[in-house]
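Here is a short report on one protein model. It goes from helix packing to charge pairs, then to the surface and the fold as a whole.

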Amino acid sequence: MKTLSLFSIIIFIIVAVGLLSLYSASYYNKAVFFRQILWVIVGLICFFGASRFSYHYLKSVVWFLYGLALLLLILVLILGAVRFGAQRWLKIWWLNFQPSELAKLSLILVLADYFSRRSVYELGSASQHKNIIKSVIIP
């Protein structure tokens, strides 16, 4: 708990200095400053939500996330919006979303789940290396 409180204090100081800098830089345009305050509030809510979240829950949904990421990557090929000459965004109502970010996270979680279920001796065989390579290259 002491580490979390020290971490929180350091984050608070960095955010406060950033907001003061933005306030002084946006003297004639306060909308930028107030929009940044809104994002700080959203970030604090996400920070406290993530600090209360049990990561053990991810083990039960890791394969669902992986499947969802693959589906979204396929949708980018069909419905993707072109930004800066590349088709890698999905526009969902007012939100522009890049599914490759979810794919990176879900691939890390799938590989962590895969390796946690195997013994050292199973991972040393050549057939296991082929299975790992197939699961990473196919998406």
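## Helix 3 against helix 4

In this predicted model, helix 3 (residues 58–79) and helix 4 (residues 99–116) cross at roughly 145°. Their axes come within 8 Å. The crossing of the two helices is left-handed.

Residues from both helices make up the contact. Helix 3 contributes Leu58, Lys59, Val62, Trp63, Leu65, Tyr66, Leu68, Ala69, Leu72, Leu73 and Val76. Helix 4 answers with Pro99, Ser100, Leu102, Ala103, Ser106, Leu107, Leu109, Val110, Asp113 and Ser116. Asp113 therefore deserves a second look: it belongs to this interface, and at 4% relative accessibility it counts as buried.

## Salt bridges

How many salt bridges does the structure hold? There are two. Side chains of opposite charge can pair when their charged atoms come close.

One pair joins aspartate 113 to arginine 117. The closest N and O atoms are 3.0 Å apart. The partners sit in opposite settings. Aspartate 113 is buried, at 4% relative accessibility. Arginine 117 is exposed, at 53%. The cut-offs explain the labels: buried means under 20%, exposed means over 50%.

The other pair is glutamate 101 with lysine 104, at 3.2 Å from N to O. These two residues lie three apart in helix 4, so about one helical turn separates them. Both partners are partly exposed: glutamate 101 has a relative accessibility of 42%, and lysine 104 has 47%.

## A nonpolar surface patch

Which residues form a nonpolar patch on the surface? They are Ile9, Phe12, Ile13 and Val17. Together they offer about 420 Å² of accessible area.

Isoleucine 13 is one of the patch members. It is found in helix 1 (residues 2–25). Its relative accessible area is 46%, so it is partly exposed. Patch residues need over 30% relative accessible area, and isoleucine 13 has 46%.

## Phenylalanine 48 and serine 8

Phenylalanine 48 has its place in helix 2 (residues 30–52). Is this residue buried or partly exposed? Phenylalanine 48 is partly exposed, with a relative accessible area of 45%.

Serine 8 is 40 residues away from phenylalanine 48 along the chain. In space, the C-alpha atoms of phenylalanine 48 and serine 8 are separated by 10.0 Å.

## Asparagine 96 in strand 3

Asparagine 96 lies in strand 3 (residues 95–97). It counts as partly exposed, with 32% relative accessibility.

What does asparagine 96 touch, leaving aside neighbours within four places in sequence? Its contacts are Arg83, Trp89, Leu90 and Lys91. Alanine 81 is 15 residues from asparagine 96 in sequence. From C-alpha to C-alpha, asparagine 96 and alanine 81 are 8.8 Å apart.

## The whole chain

The protein has six helices and three strands. Along the sequence, they follow the pattern α-α-α-β-β-β-α-α-α.

The chain has 139 residues, and 18% of them count as buried. Aspartate 113 is one of the residues that count as buried. The protein exposes about 11,100 Å². Carbon and sulfur atoms supply 74% of that area.

Contacts also reach along the sequence. Take those between residues at least 6 apart: 41% join residues at least 24 apart.

Conventions
Residues numbered from 1 in each chain as written. Predicted model: local features only at pLDDT ≥ 70, side-chain atom pairs only at ≥ 80, totals over all residues. Heavy atoms only, no water. Patch = residues over 30% accessible without salt bridge, like charges linked within 9 Å, V, L, I, M, F, W, Y side chains within 5 Å. Areas by Shrake-Rupley, 256 points an atom, 1.4 Å probe, with all protein chains shown as cover. Salt bridge = Lys/Arg side-chain N within 4 Å of Asp/Glu carboxyl O. Helix = DSSP H or I, 4+ residues; strand = E, 2+ residues; numbered from the N terminus. Buried < 20%, exposed > 50% of the residue type's maximum accessible area, 1.4 Å probe, protein only. Axes fitted to C-alpha atoms, helices over the stretch in contact; angles between N-to-C directions. Left-handed = near helix turned anticlockwise from the far one by under 90°. Contact = heavy atoms within 4.5 Å.
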